[in-house]
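Reader: I have a new structure to look at. Can you walk me through it?

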Amino acid sequence: MKKPSPPKTASQAASRSIQSKMIAPSTTHAGKPLRVDGIEARTRLLDSALQLFAERGYAKTSTREIARAADVNISAISYYFGDKAGLYHAVFNDPRSNPNVDPAIFEQPETQLRDILSALICSFTDSLKQGEMVDKCMKLHFREMLEPTGLWVEEIDTMIRPAHQGLVRLLCRYLGIQRADDDVHRLAFSVTGLAVSLMVSRDLMQVIRPALIARPRAIDVYSSRLVDYAMAMCEDEKRRRLLDSSDNSTS
């Protein structure tokens, strides 16, 4: 007799909600649904463009080179992405390797802090399961910072800042304060920094301790530990504030 599957935790449900957004769009640039072969061609273009953009940068990479590497007709770029800029935008924001954090995950009053932090951290660490694609994405981001096209600034304004503000509001509720101060922002940057540092340090870990991220299960264990560390930081901040408040009341 088959045993029933264990119920999903809130963190697992939230993580699945985020992962559902990490599927490449199945439409053309004009919004038309794609057939299976169209999805494959679009994915090959994204993968080939990521490789070339990361190696050479936007300006030094031609659409003809990308089409040749992807083994598609050059007209496919305009069909799926509009133009070279549209392709670069799609590559830079490809959710397979550059997942977006939906600020709505921080506005769930009945969800425990640990579950939300787990969903946040896993949205980053799950992309490590894409292997070398993550390395290329990091290289592309570094190149974008050195040779800016405006997409990094756009990502900060439209994705990173709203997610940071959502996390700050969540931490304020947890700490029982009305207005965020510098310490709340420090805590928010430190929590997200746990996951980001894992992505940045991937190549270093592969040299020093490859088993830590060698398999999906190992990445899941690492993610769980990061959630533990994040909770410890939040609990310590709460304890520090209580002590400060107690000292001020007795002085």
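Author: What follows covers a pocket, a surface patch and one loop residue. This is a predicted model, in which local features need pLDDT of at least 70 and side-chain atom pairs count only at pLDDT 80 or more, while totals for chains, interfaces and linings use all residues. Residues are numbered from 1 along each chain as its sequence is written, and side-chain values use heavy atoms, with hydrogens and water left out.

Reader: What volume does the largest pocket have?

Author: About 570 Å³.

Reader: Which residues lie nearest its centre?

Author: Phe-124, Trp-152, Glu-155, Ile-160 and Val-196, out of 25 that line the largest pocket.

Reader: Which element gives the largest share of the lining?

Author: α8, with seven residues.

Reader: And the lining of the largest pocket by class?

Author: There are 18 nonpolar, six polar and one charged residues.

Reader: Where is Val-196 found?

Author: In helix α9. Val-196 counts as partly exposed because its relative accessibility is 35%, and that class runs between buried (under 20%) and exposed (over 50%), with a 1.4 Å probe and protein chains only.

Reader: Switching topic, which residues form the nonpolar patch on the surface?

Author: Phe-142, Met-145, Val-196 and Val-200, with about 330 Å² of accessible area together. Both α7 (132-146) and α9 (182-200) give two or more residues to this patch.

Reader: What about phi of Asp-71?

Author: Phi there is positive, near 60 degrees, and Asp-71 is not a glycine. Most residues other than glycine have a negative phi.

Reader: Where is Asp-71 found, and is Asp-71 buried or exposed?

Author: Asp-71 is in the loop between α3 (63-70) and α4 (75-81). Asp-71 counts as exposed, because its relative accessibility is 65%.

Conventions: Helices (H or I, at least four residues) and strands (E, at least two) are DSSP runs, numbered from the N terminus. Patches are made of residues with over 30% relative accessible area and no salt bridge: like charges are joined within 9 Å, nonpolar side chains (Val, Leu, Ile, Met, Phe, Trp, Tyr) within 5 Å. Accessible areas come from the Shrake-Rupley method with a 1.4 Å probe; for residues, only the protein chains shown count as cover. A salt bridge is a side-chain nitrogen of Lys or Arg within 4 Å of a carboxyl oxygen of Asp or Glu. On a 1 Å grid over the protein atoms alone, a cavity is a set of points where a 1.4 Å probe fits but cannot get out, and a pocket is an open set with protein on both sides within 12 Å along at least five of seven lines; lining residues have an atom within 4 Å of a point. Grid points are joined across faces, edges and corners, and a volume is the space filled by probe spheres set on the points. Ala, Val, Leu, Ile, Met, Phe, Trp, Tyr, Cys and Pro count as nonpolar, Asp, Glu, Lys and Arg as charged, and the others, Gly among them, as polar.
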